[in-house]
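Grab a pencil and open the viewer. Below are a few exercises, each with a solution worked out step by step.

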Amino acid sequence: MNKKKEQYISEIDLEESNKGKYLELFKSLFNDAESAICIVNFDGKILEANNLFSKMFGYTQDEITGQEYSFLLSEDSQLISFQNHTKIFNGTNILKAEEKVKHKNGTYFYIQTTNLRVNDEDGNKLRITTAINVTGRLKNELLQSVLLQIANLVSKAALNKGFYNSIYKAATQLMPINNFAVCLCNPKANKLEFPFILNEVNVDEKPNLEAEYGYIKKNDNAVLLDEQSIEYLIENSELLNYNITPKTIIGIPLIIQNKIIGAIIIKDYLGKQYTKEHKEVLELVAHQISRVIERKKYEDDLLLAKQEAEEAVRLKSDFLAQISHEIRTPLNSILSFSSLIKNELAGKLDEEIAESFEYIERGGSRLTRTIDLILNVSKIQNQKYKIELSEVNLEDDVLWKIIKELNSRAYEKGIKLELKNGSSPIRLVCDQYSINQMFTNLIDNAIKYTKTGTISVESFVNNYGNIQVDIVDTGIGISTEYMHKIFEPFTQEEQGYTRSYEGIGLGLSLVKSYAELNNAVLKVKSEKNVGSVFSVIFNS
Ligand code: ADP
């Protein structure tokens with residue numbers, strides 16, 4: 001061998017040994033890498049899998065090498081994984097994916113993969129897949145989404161079977177559940193109710209559920225019972241005998257304000273025993289259910305209270321309407337006979353007696369006003385009021401007439417009562433009787449609650465093109481605390497027998513009903529001791 005050739009051969013040797021060294025280095029890096037990596041060829045065969053990758057699936061490296069990659073995948077991940085594999089070999093350089101995969105022990109878990117295309121030294125295309133187990137993250141995400149689904153059930157109509165069925169459906173996203181029961185304690189009837197029972201084995205499992213609930217309650221905590229503990233508890237009469245004895249039971253109390261109000265109970269008859277982890281997840285679900293039930297119960301109570309309050313108001317006004325009818329006829333007789341006597345004796349009366357007739361008239365008309373108010377409210381509440389629409393000139397047909405009628409009352413108190421209106425008349429299609437009553441009440445109140453100053457009634461078309469009437473007074477004003485109740489029937493800012501103003505707190509509630517009948521809204525602005533503005537805005 002000449003020298004040149006010798007040198008050439010030794011250079012190749014060196015290169016080969018360097019290559020060998022690098023290969024060794026690469027292999028050890030690949031094997032001991034802190035990421036799970038495998039190399040897959042075009043046909044989908046795993047050429048190499050490092051230590052972590054094999055362990056992730058419960059296999060040795062030897063067991064996994066040479067297998068089809070699809071062998072690791074769950075049924076539902078097969079297609080998408082194949083499509084991704086094709087994409088990689090068709091040009092996509094790097095691709096991230098999420099796959100549901102199967103462990104050697106049969107359980108499923110989720111991995112996130114990063115897939116990279118490389119060429120080996122012979123120019124063959126290979127796929128390098130790095131995998132991270134994301135089951136925990138996904139489980140957490142799923143749990144959050146299920147808890148949210150349960151929270152959103154608040155908006156469902158009632159705590160009925162459909163509601164618990166939705167809860168059952170939500171829970172099955174987290175774990176396999178074939179037997180699910182909800183027990184709720186009814187404190188009024190002092191018994192346990194079962195708004196939802198799903199049992200694939202026992203037709204009537206209520207007696208068993210009662211015993212299980214009793215045990216959960218006694219335990220004052222969530223329970224996870226395996227076959228042995230179930231047998232033991234049956235022997236000790238804590239649980240009843242079953243037609244078919246479950247293999248595992250999880251029972252979670254539903255707790256509201258530190259009190260157990262029920263439980264959810266799931267059972268497994270097949271021996272795929274539930275674990276502590278299942279129990280923990282179910283505890284979170286039960287906690288959320290408790291919150292929803294609590295909120296629902298609170299809303300139901302509120303609704304009931306509202307209905308009861310409305311009923312009380314209705315009874316009150318019905319009762320008053322009844323009494324008013326009774327008073328009206330004799331009152332009419334008293335007033336007409338008193339006026340008859342007054343006329344008969346006209347000119348023959350001394351001043352004091354003549355004044356007495358005035359007292360009778362004033363008292364009588366106050367009583368008549370109150371009676372009319374009560375009867376009108378009752379008519380509206382019983383939906384007996386019939387609207388008659390007509391076109392009116394708001395100023396001439398309504399506001400002027402009221403002002404003329406009430407002006408003497410304002411004058412007596414030394415208050416100026418004025419109408420401010422624009423140049424062109426406002427025409428309005430409305431129910432004239434109720435419109436009249438509405439403005440009479442508002443202007444009457446303005447006079448009643450004003451000691452000095454001016455009351456102005458202003459009619460105009462506002463910036464939004466709507467007809468608006470403002471009744472502006474310089475009276476006692478309304479406190480912010482009372483403002484939110486102002487339109488409620490039988491409410492007054494100052495209450496009790498010693499109050500300085502006459503009235504029974506019905507006027508504004510009637511005004512509100514009349515406004516609604518005429519498609520108008522009411523707005524109030526007020527400042528204590530400065531005055532108030534009541535605005536009636538007609539929707540066009
Ligand atoms: P009533 O006048 O018979 O008490 P209303 O329903 O007409 O009943 O009014 C309810 C309450 O609203 C009144 O008791 C009063 O406290 C308050 N209120 C109504 N109008 C005015 C006003 N213009 N100025 C001040 N307070 C008012």
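**Exercise 1. Work out which protein atoms make polar contacts with the ligand, and how much of the ligand is covered.**

Step 1. Start with the backbone: an N or O atom of Gly505 sits 3.0 Å from a ligand oxygen atom. A polar contact here is a pair of N or O atoms within 3.5 Å; within protein, one must be able to donate a hydrogen and the other to accept it, and residues adjacent in sequence count only if both atoms are side-chain atoms.

Step 2. Check the cover: of the 530 Å² of accessible area that the ligand has on its own, the protein covers 97%. Accessible areas come from the Shrake-Rupley method with a 1.4 Å probe, and for residues only the protein chains shown count as cover.

Step 3. Now try side chains. Lys448 places a polar side-chain atom 2.9 Å from an oxygen atom of the ligand. In Asp473, a side-chain N or O atom is 2.9 Å from a nitrogen atom of the ligand.

A word on the ground rules: this is a predicted model, where local features need pLDDT of at least 70 and side-chain atom pairs count only at pLDDT 80 or more, while totals for chains, interfaces and linings use all residues. Residues are numbered from 1 along each chain as its sequence is written, and side-chain values use heavy atoms, with hydrogens and water left out.

**Exercise 2. Describe the shell around the ligand by count, class and element.**

Step 1. Count: the ligand is surrounded by 22 residues, the closest being Asn445, Lys448, Tyr449, Gln492 and Leu508. To be in the shell, a residue needs a heavy atom within 4 Å of the ligand.

Step 2. Sort by class: ten residues of the shell are nonpolar, eight polar and four charged. For this sorting, Ala, Val, Leu, Ile, Met, Phe, Trp, Tyr, Cys and Pro are nonpolar, Asp, Glu, Lys and Arg are charged, and the others, Gly among them, are polar.

Step 3. Sort by element: α12 (432-448), α14 (507-517) and β17 (531-538) supply at least two residues each. The largest share, three residues, is from α12. Helices (H or I, at least four residues) and strands (E, at least two) are DSSP runs, numbered from the N terminus.

**Exercise 3. Follow the chain around α14: a salt bridge, then the loop residues.**

Step 1. In the helix, Glu516 and Lys512 form a salt bridge, with their closest N and O atoms 3.4 Å apart. The rule asks for a side-chain nitrogen of Lys or Arg within 4 Å of a carboxyl oxygen of Asp or Glu. Both residues lie in α14, four residues apart, about one turn of the helix.

Step 2. Move to the loop between α14 and β16 (520-527), where Asn518 lies. Asn518 counts as buried because its relative accessible area is 9%; buried means under 20%, exposed over 50%, and partly exposed in between (1.4 Å probe, protein chains only). A polar side-chain atom of Asn518 is 2.8 Å from the backbone nitrogen of Asp431.

Step 3. Asn519 is found in the loop between α14 and β16 too. Its phi is near 60°, a positive value in a residue other than glycine. With a relative accessible area of 46%, Asn519 is partly exposed.

Step 4. Phi of Phe490 is also positive, near 60°. Phe490 belongs to the loop between α13 (480-483) and α14, and is buried at 14% relative accessible area.

**Exercise 4. Find salt bridges that link distant parts of the chain.**

Step 1. The total is 26 salt bridges.

Step 2. Take Glu63 and Lys104, whose side chains meet at 3.3 Å, N to O. This pair links distant parts of the chain, 41 residues apart: Glu63 is in helix α3 (residues 61-64), Lys104 in the loop between β3 (94-102) and β4 (108-119).

Step 3. Take Lys342 and Glu361, with their closest N and O atoms 3.1 Å apart. Here helix α9 holds Lys342 and helix α10 (residues 351-381) holds Glu361, 19 residues apart. Lys342 is partly exposed at 30% relative accessible area, and Glu361 is partly exposed at 33%.

Step 4. Look for a network: salt bridges link Lys416, Glu418, Lys420 and Glu458.
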